[in-house]
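These entries record what I looked up in one structure, in the order in which I looked it up.

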Amino acid sequence: MSQTAIEQVTLPDLTALGNVPAAYRHHERVVEPGALLALPGAVLKWYDLHRADQPAPPAFRQAARDYLAGEVAAGRLELGYGLGFAILHYSDPLAYLIVGAWRDHQELWETLFIRDLTRAGDFQYVVPGVSAPTLCVWELAPVWHEREAWTRFLYSPRDTAAKRAYLADQLRGQA
């Protein structure tokens, strides 16, 4: 019988590790699919992610979609194979706009934009760094769904019917 990974190492004292502030109360968020976003040379699935009682206002959602269209038109957003997804995570006082583009067969390339909702202005591109934000626990739900959907696509004939099936396969529910 094999040992578990935790039994195979001597652990340090864990009292100083993983200490989330006591005042933090975790909660669920809602993932809702939106209309596909058709762009020149690409189609993205759309996800709205938010607290159940705090969805993004419709005008804000449209502004986020328009922003991505503008980035593509200006040549500042590369979308790989032309299939992927966008997540608008409305999390007052910030909003995150995450674009996942499939490239190089099985690679998901992420582009992240952020907007401070307390100030006027538009989304700002987040420059990747050595220690930069990637995804929070809620954003991982649609990303994992998209991983599974893309894997199904890769095993398919990858024809027009399979592309349509991929685009129709969207997550809805709790995150």
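**Entry 1: the hairpin.** How many residues lie between strand 1 and strand 2 in the hairpin that they form? I found 2 residues between these strands, and glycine 41 in the turn has a positive phi of about 80 degrees. I note at the outset that the model is predicted.

I then looked up the pairing of the two strands. Strand 1 and strand 2 are antiparallel and are joined over 8 bridges. As one register point I recorded glutamate 32, whose bridge partner in strand 2 is aspartate 48.

**Entry 2: strand 2 and its other neighbour.** Strand 2 covers residues 42–50, and 8 of its 9 residues are buried. I looked up strand 3 (residues 83–91) next: strand 2 and strand 3 run parallel and are joined by 8 bridges. Here the register point is tryptophan 46, with alanine 86 in strand 3 as its bridge partner. Between these strands the chain passes through helix 1 (residues 58–73), and I recorded this β-α-β crossover as left-handed.

**Entry 3: the chain as a whole.** I counted 3 helices and 7 strands in the chain. Their order along the sequence is β-β-α-β-β-β-β-α-α-β. The C-alpha trace spans about 55 × 45 × 30 Å along its principal axes. Of the 175 residues in the chain, 35% are buried.

**Entry 4: the segment before strand 1.** I looked up two residues here. Leucine 11 is located in the segment before strand 1 (30–39). The relative accessible area of leucine 11 is 43%, so I class this residue as partly exposed. Leu11 belongs to a nonpolar surface patch together with Val9, Leu14 and Leu17, and the accessible area of the four together is about 360 Å².

Histidine 27 is also in the segment before strand 1. Is histidine 27 buried or exposed? Histidine 27 has a relative accessible area of 17%, and is buried because this value is under the 20% cut-off. The side chain of histidine 27 makes a polar contact of 2.9 Å with the side chain of arginine 29.

**Entry 5: backbone geometry around strand 4.** I looked up peptide bonds and phi values in this region. For reference, most peptide bonds are trans, and most residues other than glycine have a negative phi.

The peptide bond from aspartate 92 to proline 93 is cis, with omega near 20 degrees. Proline 93 is in the loop between strand 3 and strand 4.

Which residue of the loop between strand 4 and strand 5 (107–116) did I look up next? I looked up aspartate 104, which lies in that loop. Aspartate 104 has a positive phi of about 45 degrees, although it is not a glycine. Its relative accessible area is 42%, so aspartate 104 is partly exposed.

Histidine 105 lies in the loop between strand 4 and strand 5 as well. Phi of histidine 105 is also positive, near 70 degrees, in a residue other than glycine. Histidine 105 is exposed, because its relative accessible area of 56% is over the 50% cut-off.

**Entry 6: arginine 103.** Arginine 103 lies in strand 4 (residues 94–103). I recorded a relative accessible area of 16% for arginine 103, so this residue is buried. Lastly I looked up its separation from serine 156: the two are 53 residues apart in sequence and 17 Å apart in space, C-alpha to C-alpha.

Key: Residues are numbered from 1 along each chain as its sequence is written. Side-chain values use heavy atoms; hydrogens and water are left out. Patches are made of residues with over 30% relative accessible area and no salt bridge: like charges are joined within 9 Å, nonpolar side chains (Val, Leu, Ile, Met, Phe, Trp, Tyr) within 5 Å. Accessible areas come from the Shrake-Rupley method with a 1.4 Å probe; for residues, only the protein chains shown count as cover. A salt bridge is a side-chain nitrogen of Lys or Arg within 4 Å of a carboxyl oxygen of Asp or Glu. Helices (H or I, at least four residues) and strands (E, at least two) are DSSP runs, numbered from the N terminus. Buried means under 20% relative accessible area, exposed over 50%, partly exposed in between (1.4 Å probe, protein chains only). Two strands pair if DSSP finds at least two bridges between them. A crossover is right-handed if, with the strands pointing away from the viewer, the path from the first strand over the helix to the second runs clockwise. A polar contact is a pair of N or O atoms within 3.5 Å; within protein, one must be able to donate a hydrogen and the other to accept it, and residues adjacent in sequence count only if both atoms are side-chain atoms.
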